[in-house]
Amino acid sequence: MSKVRVRFAPSPTGSLHIGSARTALFNYLFARHMGGVFVLRIEDTDMKRSLREHEHSISRDLHWLGLTADEGPDVGGPWGPYRQSERSHLYEEGVQRLLAEGHAYLCFCSQERLDDVKKAQLARGEMPKYDRQCLSLSAEEVESRLAAGEQATVRFKVPPGQIEYQDMIRGHLSFASDVIGDFIIKRTDGGFSYNYAVVIDDMGMRITHVIRGEDHVTNTARQLLLFRALGEEPPTYAHHSMIHAPDGGKLSKRHGATSIGEFRDLGYLPEAMVNYLALLAWHPGDERELFRLPELVEAFTMERVSKSPAIFDIDKLNWLNGVYMRELSPGRLYSQVEPFLHEADMHLEPGQREVVAAAIQSNLVTLADAPTYAEVFTADVDLKDSPHLAALREPGVTQVFSLLEEALAQFYDEYLSVEDGRAVVRMVAGACKEHGIKGRSIYLPLRVALTGRNEGAELYYLVAGLGRSRVLARLEAARAYL
RNA sequence: GCCCCCAUCGUCUAGCGGCCUAGGACAUCGCCCUUUCAAGGCGACGGCGGGGAUUCGAAUUCCCCUGGGGGCACCA
């Protein structure tokens, strides 16, 4: 059996959508699992809407997800070029062959006539399809109209019969070919249609498995017919379901983020995206839920891809994002979170970075939440704005403040490690116990004095991450409210 | 209108004729841990769209209905 070759074939008319990203993921997983090759092909036949800028952003997003292609416009490969816009000669060759062998014919119908025919068919309740007006044109007439400078398209002559194939996900699929009209394969502007170009490319790039969205199932019939006419063996197809919005409809901007780039900007980790997208239509067969890319490669099989559409659920993505953020070491978490802090004009001292990262780690849903939780470590606090001052008026608080000052005096560095922070708080608590000072005079009062708030990270994180001078200054300021 | 696909908790899903009193995860709620917020642990709530048929037996097979989605371009 020949080596598996799959392709992900986006058209560069926008950024990478999460639906396309999942298609790319399934292609990647199948290829890697089978020890095959993952090809990236750019479908830029529509010159009007295709932008090189979009191609780059798609590549960047794929790379961010870890879905690197083995062959493609950036890395090359033996069956290129990998942009449809650079493959015109191959398409032309095929068109000439189809024309010569009677599988295609020239059509001179105007757009207006085509629209009228379609309208009439729709009115009669028929499936709209080309009425084959130009199929019966004589060679002489074609010749003379061409000579007269008339514009023509090339249409594929759809043969009668039944089209059947085995879909890896959907099983046996069958279409009557008379429901599809003679479709255009070459446009008047000289460009080639999607359904045709795809066949020439899948053929030329030796693609063995086509894994794509369900929106392509009816295209498959056309493509299969083309393969047959060209005398080539078609690839095996697998059509996965689509991603729906929470209301069951199409996923659109009004439901929030829809592109991979947006999710990245919102502070989601690629691990979470990959894991979530995989789980959206695939199941490992056991009860595991957490999968990084290599584990997915290992476990992925097409048999376990679901047929039914899935609704995008931000809550589960959020949960996964939290899981992966909590797995990061404080240092790595800080570097992930740094751009978001800077974006919020928040700059942490080197000495406090890891402490702060550790302090806020369990609060984060996305990296973008970091400034909200880290703010307490950098912002100035004016206690007179605090609604929690009553907490300071517990017996013994003055003494507690002094005990903290004393404990802190044993350290020289401005910022303490989490461990030293813990030790300081332990010292204070121990001394308080000796002096008979109760907990309610310790924890809340200190928290309010240091932050003005009544909730937040553990006290030892605050002590360590705030830094000696800030802690001492705030205790001093808080004395005015005792 | 015509063609194709899909259908288990709110959501993602397990289930491929008896292991189902339908399992897991997210969300929700409760308890525990924590003198705070989270995180974490434990638990609760919650589902086979409807109707026929096959079978000793159906969430699982078949048919119809209903609902949802996709397609029907000189777009990809």
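The following paragraphs describe the pockets, the cavity and two secondary-structure elements of a predicted model.

In this predicted model, local features need pLDDT of at least 70 and side-chain atom pairs count only at pLDDT 80 or more, whereas totals for chains, interfaces and linings use all residues. Residues are numbered from 1 along each chain as its sequence is written, and side-chain values use heavy atoms, with hydrogens and water left out.

Open and enclosed spaces were identified on a 1 Å grid over the protein atoms alone: a cavity is a set of points where a 1.4 Å probe fits but cannot get out, a pocket is an open set with protein on both sides within 12 Å along at least five of seven lines, and lining residues have an atom within 4 Å of a point. Grid points are joined across faces, edges and corners, and a volume is the space filled by probe spheres set on the points.

The largest pocket has a volume of about 1200 Å³. Its lining comprises 40 residues, of which Ala9, Ser11, Ser20, Asp215 and His216 lie nearest the centre. Helix 1 provides the largest share of this lining, four residues; helices (H or I, at least four residues) and strands (E, at least two) are DSSP runs, numbered from the N terminus. Because domain 1 (1-71 + 241-327) and domain 2 (87-240) both give residues to the lining, the largest pocket lies between them; the domain bounds come from an automatic or database domain assignment. By class, the lining has 12 nonpolar, 18 polar and 10 charged residues, where Ala, Val, Leu, Ile, Met, Phe, Trp, Tyr, Cys and Pro count as nonpolar, Asp, Glu, Lys and Arg as charged, and the others, Gly among them, as polar.

The second largest pocket holds about 430 Å³ and is lined by 18 residues, with Lys118, Pro128, Lys129, Tyr130 and Arg155 nearest its centre. Helix 4 (residues 111-123) contributes six residues, the largest share of that lining.

One cavity of 30 Å³ or more was found, with a space of about 40 Å³. Among the residues lining this cavity are Leu404, Val425 and Tyr443, and the lining divides into eight nonpolar, no polar and no charged residues.

Strand 8 is largely enclosed by the rest of the structure, because five of its five residues are buried (under 20% relative accessible area, 1.4 Å probe, protein chains only). Five bridges join strand 8 to strand 9 (residues 236-240), and the two run parallel. The buried residues of helix 14 (residues 370-378) are Ala370, Pro371, Ala374, Val376 and Phe377.

Conventions
Chains are lettered from A and ligands numbered from 1 in the order in which they are written. Buried means under 20% relative accessible area, exposed over 50%, partly exposed in between (1.4 Å probe, protein chains only). Two strands pair if DSSP finds at least two bridges between them.
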